Structures are given as C-alpha cells and as structure tokens.
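Student: Please take a close look at one part of this model and explain how it sits among its surroundings.

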Amino acid sequence: MGLKEEFEEYTEKAKTLPETTTNESKLILYGLFKQATVGPVNTSRPGMFNMKEKYKWDAWKAVEGKSKEEAMSDYITKVKQLLEEAAASS
C-alpha cells in the first residue's frame, strides 16, 4: 500500500476517534491534513471574531514547511497514536 492510500485509510479512521479527543489533537490533525491535501496556507488569517477558523488556520500554518508526503506520514502517525490512546483508556 502506498503512502497516499494509507493516508486515505487513516483519514477514514480519524473519523472514528472518540469525542474525548482533545481540541489540540484535532487541530494538529487538521493542519497536517490541509498541508497534505492542499499544501502551504493559501488564505489570509481569519479575524479575531472567528476564533475557531483562526485556530484552524494557525494549526495549518504551523506545519507549512512540511512536504505533502511528510504531512501525510505525520498524520498517519498521529491518528495511530490517538487510536492507541483511545483503546488503552477504554
């Protein structure tokens, strides 16, 4: 299985993460997903009245230097880690 296929598999698995997954972890996944699928940030930072979108933009901007392949690999690793943590706590 290639990296892209594995990434797609783990994007589906990420949808099964428990509701107890922290917002910080969700933001990390969001930033890595956007970097892997879109590339570097291509929008301006949302204003202060749109906090949720601003946090998401910041998470994406934080991984801006990664290649799409690095972002895919890091995303897969993070989802695996979160799934293992969820299994251990249940």
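**A loop residue and its surroundings**

Tutor: Thr21 is found in the loop that joins helix 1 and helix 2; helices here are DSSP runs of H or I with at least four residues, numbered from the N terminus. The model is predicted, so local features need pLDDT of at least 70 and side-chain atom pairs count only at pLDDT 80 or more, while totals for chains, interfaces and linings use all residues. Residues are numbered from 1 along each chain as its sequence is written, and side-chain values use heavy atoms, with hydrogens and water left out.

Thr21 has a relative accessible area of 11%, so the residue counts as buried (under 20% relative accessible area, with a 1.4 Å probe and protein chains only). A polar atom of its side chain lies 2.8 Å from the backbone oxygen of Pro18. Leaving aside residues up to four places away in sequence, Thr21 touches Lys26 and Leu82, where contact means heavy atoms within 4.5 Å.

Leu82 leads to helix 4, as one of the buried residues of that helix. Others among them are Ala71, Met72 and Tyr75. Helix 4 covers residues 68–89, and what covers its buried residues includes helix 1 (3–14) and helix 2 (23–37). From first C-alpha to last, helix 4 reaches 32 Å with its 22 residues, close to the 32 Å expected at 1.5 Å a residue; the expected span is 1.5 Å times one less than the number of residues.

Methods: Helix = DSSP H or I, 4+ residues; strand = E, 2+ residues; numbered from the N terminus. Buried < 20%, exposed > 50% of the residue type's maximum accessible area, 1.4 Å probe, protein only. Polar contact = N/O pair within 3.5 Å; in protein donor to acceptor, adjacent residues only side chain to side chain.
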